[in-house]
Every structure is written in structure tokens, then in C-alpha cells.
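Here's a quick briefing to read with the model open in your viewer. It goes through strand pairing, then charged contacts, then cysteines.

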Amino acid sequence: QVQLVESGGGSVQPGGSLRLTCAASTRLFGRYQMSWYRQAPGNQREFVAQIDGDGSVTIYADSVKGRCTISRDNGKNTIYLQMTNLKPEDTAVYYCRAQQMVGGPGDYWGQGTQVTVSS
């Protein structure tokens, strides 16, 4: 079982920035593809960004491309989502997901962190 703990959410004005952090409780962190998802009230959970085990491949949703950067530090078992030029439509609960790519079918989610963009 892998525990994921997100942090870094908060309230910002449009155009502002936030950096989200997700810490994972596993010594096999490099075996996990890591992703960020988000869910706004009344909406389904949607994909935001993904990074592979060694950080060499990243994928972004069109809605955040150019404004968000996903990264990871395997030495700290942590991923980040740097968000800039935030818009009101970015308001959502942001979730971290870990999918095991080697050695098992593990698929884990964090509890989420709230991001609110409002003037």
C-alpha cells in the first residue's frame, strides 16, 4: 500500500501561481508513473498531467499546457505541479495518482488539495 499526501493548495487571484506537492510512502518510487488529476464541483475527475518513472516523459492536458509543469524528485519520493497564470476555471480539488509500472498492478490516489482561483 502506498500513501500519497498532497499539499500546497490554497486561494489565489487570477494570474497567480501555486506549487502543489505530492509525497509518496514507497521505496520503489521510481517504478511508479505519477499523475495529477482535478475535480471541480459537479464535474468528473479529469486528467491534468503525467510524468514517467525517471521524469523523462511528461504529458499535459490541453487546458493546462504551457501553464503547468510536472516534475519529480525520486530522491525525495515527491512530485510537484507548478501552476502559473491560474484561471478561475482551474478551481478544483487536485489529486495525486501513483500507477505501478513494474512489478505489480498498484494504483493509488491521494486525498486531494483544494485550489481556488478567485478575485
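What follows is a short tour of a predicted model, grouped by topic.

**Strand β8 and its partners**

- Let's start with β8, which covers residues 78–83: 5 of its 6 residues are buried, so the rest of the structure largely encloses this strand.
- On one pairing, β8 runs antiparallel to β3 (residues 18–24), with 6 bridges joining the two.
- If you want a landmark for that pairing, look for L18, which sits opposite M83 of β8.
- β8 also pairs with β7 (residues 68–73), again in the antiparallel sense and over 6 bridges.
- Here a handy landmark is D73, whose bridge partner in β8 is T78.
- β7 and β8 make a hairpin with 4 residues between the strands, and in it N77 adopts a positive phi near 55 degrees.

**Salt bridges**

- How many salt bridges does the model have? The count comes to 5.
- One of them pairs D62 with K65, with the closest N and O atoms 3.2 Å apart. Both D62 and K65 are exposed.
- Another brings D90 and R67 together, this time with 2.8 Å between the closest N and O atoms. D90 is in the loop between β8 and β9 (92–100), while R67 is in the loop between β6 (58–60) and β7, so this contact ties together parts that are 23 residues apart in sequence.
- Are the two ends of that contact buried or exposed? D90 is buried at a relative accessible area of 2%, and R67 is buried too, at 9%.
- R97 and D107 also meet through their side chains in a salt bridge, at 2.7 Å from N to O. This one links distant parts of the chain, as R97 belongs to strand β9 and D107 to strand β10 (residues 107–109), 10 residues apart.
- The two ends of the R97 and D107 pair fall into separate burial classes: R97 has a relative accessible area of 15%, and since the cut-off for buried is under 20%, R97 counts as buried. D107, with 37%, is partly exposed.
- There's a network to look for as well: R38, E46, R67 and D90 are joined into one by salt bridges that share partners.

**Cysteines**

- The disulfide count is 1, and the bond is between C22 and C96, with their sulfur atoms 2.1 Å apart.
- Which parts of the chain does that disulfide link? C22 is in strand β3 and C96 in strand β9, so to speak distant parts of the chain, 74 residues apart.
- The S-S torsion of C22 and C96 is about -80 degrees, so you're looking at a left-handed disulfide.
- C22 is buried, and C96 is as well.
- Why does C68 have no bond to another cysteine? The closest cysteine sulfur, in C96, is 14 Å from the sulfur of C68, which is too far for a bond.
- C68 is buried too, with a relative accessibility of 6%.

**Where the topics meet**

- Strand β3 comes up twice: it pairs with β8 over 6 bridges, and it holds C22 of the disulfide.
- Strand β9 does too, holding R97 of one salt bridge and C96 of the disulfide.
- R67 and D90 form a salt bridge with each other and also belong to the network with R38 and E46.

Technical notes: Residues are numbered from 1 along each chain as its sequence is written. This is a predicted model: local features need pLDDT of at least 70, side-chain atom pairs count only at pLDDT 80 or more; totals for chains, interfaces and linings use all residues. Side-chain values use heavy atoms; hydrogens and water are left out. Buried means under 20% relative accessible area, exposed over 50%, partly exposed in between (1.4 Å probe, protein chains only). Two strands pair if DSSP finds at least two bridges between them. A salt bridge is a side-chain nitrogen of Lys or Arg within 4 Å of a carboxyl oxygen of Asp or Glu. A disulfide is a pair of cysteine sulfur atoms within 2.5 Å.
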